[in-house]
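Please load the model in the viewer and keep a selection panel open. The tour below proceeds stop by stop, saying what to select and what is to be found there.

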Amino acid sequence: MNYTLKSNYAYANKLASATDNFLEAAMQQLTYSAKIIEQEINNEKLLKEEVTRLNLQTNSFNSVVINKNGIIAATSPVLPQIMEQTISSPGAIQALEEKRPLISKPYMSAAGNLIIFISHPLFDNAGNYLGYLGGSLYLKERSILNDLLDQHYYDEGTHIYVVDSYKRILYHPDHIRIGTYVNNNAIIDDVINGKGGIANVRNNQNVEMLAGYAAVKKAHWGVIAQRPVKNTLASLDTLIIEVIKRTLPMAVITFILIGFFAHFISRPLKQLANKVNTLDNPASFENFENIKAWYFESQRLKLAMLKGVSILQTQIGQLRHDAQTDPLTGAHNRRSLNGLLNQLMLKQIPFAILEIDIDFFKRVNDTFGHDKGDEALKTLTDIIKKLSRKDDVVARIGGEEFVLILPNEDSESAFKIAERLRTTVASTNMDVIGFITISIGIATWPEHSNDIDQVYKYADKALYYAKEHGRNCCVIADKN
Ligand SMILES: Nc1nc2c(ncn2[C@@H]2O[C@H](COP(=O)(O)OP(=O)(O)OP(=O)(O)O)[C@@H](O)[C@H]2O)c(=O)[nH]1
């Protein structure tokens, strides 16, 4: 829009100065001819030659010589019917009165032509007024001025018009409008006061226009070049559509690529997030390992999570161990023992239960103190473990009560193992407290009973029997 305003202003300026130049040239021609005529004002032949030359030279003037009484002395084109007549047009009267070179105000002739009259006074050598030499310019008809204004570049609705100091249109591409007046238009007020500039205006049909305007100083006219805003922006719309057409495929490709890369970038993050939900799973470390963290940040995140998983797993393992272990001896506790027995029973693996109890342990505590009693419990655990096989289970189920589970052993073989254990304990000289003995009750699953509680009861009974019959002995439960 700025560009349009500026180019319209430049164009109005150019046409205004071209019009000024045309009027200046016309006046100079009249000055030149006036000099010739003044010498021989009564030479009719000379007068005719000069007016004819003026007419032909400009191709626009209807030239005329008027004497000081306002009577026509010569015309071109030749019009015999008006020769010797008094001329009464406003331009002619003004020239006669003012006796100076002038461009008349535009006026309407009797025949309805819009005319300006350019004139130059004639004086003899003594300075006496002889009349004037003038030329009429018909604004509505084809003239050099019309030609000048018509030869301009019409681009997408751009047009020019010319107004006089009465705001009357002297030139308009729509020739019907020539002679009409332009009212309520701020730039017309400006231009007839000799100012130029640019403005957004609305024309008489309320169409928004981008106008540039400049004054024709010599005649107090104004030239306005304007273009509808809509036309200016229409080319912009076309441009935008063109830009969209050309950039759309690239934009679509870009969006697809963004989506593609976003997917690949977010994939390891999503996988890491999903695996976080299975952190308590011992396999989660391996799960993390398998995630393809292909870029630096995801790799760092993965390593951090692996470290976290590792710490967590260690702690879970520790907790699990603590929950299943007797803290004093490191043997299984009762909860852990029950779990292991359930597994054996589920798998239908027969087993023997050895219920082991230290003889007169109260006495040990009382004699050597509780700490030494604890030492004895630990030493006993070590001995039991040492004599056990890989699949055997050592558990502490009470103060000085232990259980040894022997998978795939019947009563007889369990008895032999129990005896070996008993004799080993009895022959172990423990620190400070010396020698202790143990009693062992033996029962088997499912040999004694299919019900594990009953098997325990059998083992209890056998142990009780051992205690009752002198201690430091092993007893297989009586099935009856
Ligand atoms: N040092 C120590 N003593 C314990 C622990 N738990 C239980 N005791 C003791 O073990 C003793 C068990 O005594 P009793 O059940 O009377 O049996 P006992 O003296 O071994 O006699 P019998 O079993 O009949 O041969 C008690 O004195 C308890 O205080 C423990 O963790 N550490």
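Two residues are taken to be in contact if their C-beta atoms, placed from the backbone, lie within 7 Å. The model on display is a predicted one.

**Stop 1: helix 6 and helix 8**

Select residues 229-276, which form helix 6, and residues 296-324, which form helix 8. The axes of helix 6 and helix 8 come within 10 Å and cross at roughly 10°. Angles under 35 degrees count as roughly parallel, and helix 6 and helix 8 are therefore roughly parallel to each other. Their crossing is left-handed. To view the contact itself, show Pro-268, Leu-269 and Leu-272 of helix 6, which meet Ser-298, Leu-301, Lys-302 and Met-305 of helix 8. By class, the residues of this contact comprise five nonpolar, one polar and one charged.

**Stop 2: the antiparallel sheet**

Next, select the strands of the open sheet with the order 8-7-11-10-9; it has five strands, and their pairing is antiparallel. Which strands stand at the edges? Strand 8 (169-171) and strand 9 (197-202) do; each has a single partner strand, so one side of each is left without a neighbour in the sheet. On average, and with direction ignored, neighbouring strands here are turned by 35° against each other.

Within this sheet, focus on strand 7 (residues 159-163) and strand 11 (residues 221-228), which run antiparallel and are joined by five bridges. Val-163 can be picked out opposite Gly-222 in strand 11. Now add helix 1 (residues 2-39), which packs on the sheet and touches strand 7, strand 9, strand 10 (208-216) and strand 11. The direction of helix 1 makes about 30° with that of strand 10. Helix 6, already visited, also packs on this sheet. Helix 6 touches strand 10 and strand 11, and its direction makes about 40° with that of strand 11.

Move on to strand 9 and strand 10, which pair in the antiparallel sense over six bridges. One pair to label is Val-201 and its bridge partner Met-209 in strand 10. The hairpin of these two strands has five residues between the strands, and Asn-206 in this hairpin takes a positive phi near 60°.

**Stop 3: helix 1 and helix 2**

Keep helix 1 displayed and add helix 2 (residues 44-58). The axes of helix 1 and helix 2 come within 10 Å and cross at roughly 165°. Helix 1 is thereby roughly antiparallel to helix 2, and the crossing is right-handed. On the helix 1 side, select Ala-26, Gln-29, Ser-33, Ile-36 and Ile-37; they meet Leu-46, Leu-47, Glu-50, Leu-54, Gln-57 and Thr-58 of helix 2. The residues of this contact divide into six nonpolar, four polar and one charged.

**Stop 4: the mixed sheet**

Turn to the open sheet of five strands with the order 13-14-12-15-16, in which the pairing is mixed. Strand 13 (393-396) and strand 16 (474-476) are at the edges, each with a single partner strand, so one side of each has no neighbour in the sheet. Neighbouring strands are turned by 20° against each other on average, direction ignored. Strand 15 (residues 438-445) and strand 16 run parallel, joined by three bridges; Ile-440 has Cys-474 in strand 16 as its bridge partner. Then show helix 12 (residues 411-426), which lies across strand 12, strand 14 (401-407), strand 15 and strand 16, and runs at about 160° to strand 15.

**Stop 5: the shell around the ligand**

Select the 15 residues around the ligand; Asp-359, Phe-361, Lys-362, Gly-373 and Gly-399 come nearest. Which element gives the most to this shell? Helix 11 does, with four residues. Strand 12 (351-358), helix 10 (361-368) and helix 11 (370-387) each supply at least two residues of the shell. Colouring by class shows four nonpolar, four polar and seven charged residues.

**Stop 6: backbone details**

Most residues other than glycine have a negative phi, and most peptide bonds are trans. Select Ser-76 and Pro-77: the peptide bond between them is cis, with omega near 0°. Pro-77 belongs to the loop between strand 2 (72-76) and helix 3 (90-98). Another cis peptide bond joins Trp-445 and Pro-446, with omega about 0°. Pro-446 is placed in the loop between strand 15 and helix 13 (452-468). Finally, select Asn-184, which is not a glycine yet has a positive phi of about 55°; this residue is in the loop between strand 8 and helix 5 (186-192).

Note on methods:
Residues are numbered from 1 along each chain as its sequence is written. This is a predicted model: local features need pLDDT of at least 70, side-chain atom pairs count only at pLDDT 80 or more; totals for chains, interfaces and linings use all residues. A residue is near a molecule or strand if its C-beta atom, placed from the backbone, lies within 6 Å of it. Ala, Val, Leu, Ile, Met, Phe, Trp, Tyr, Cys and Pro count as nonpolar, Asp, Glu, Lys and Arg as charged, and the others, Gly among them, as polar. Axes are lines fitted to C-alpha atoms, for helices over the stretch in contact, and angles run from 0 to 180 degrees between N-to-C directions. Angles under 35 degrees count as roughly parallel, over 145 as roughly antiparallel, 65 to 115 as roughly perpendicular and the rest as oblique. A crossing is left-handed if the near helix is turned anticlockwise from the far one by less than a right angle, and right-handed if clockwise. Two strands pair if DSSP finds at least two bridges between them.
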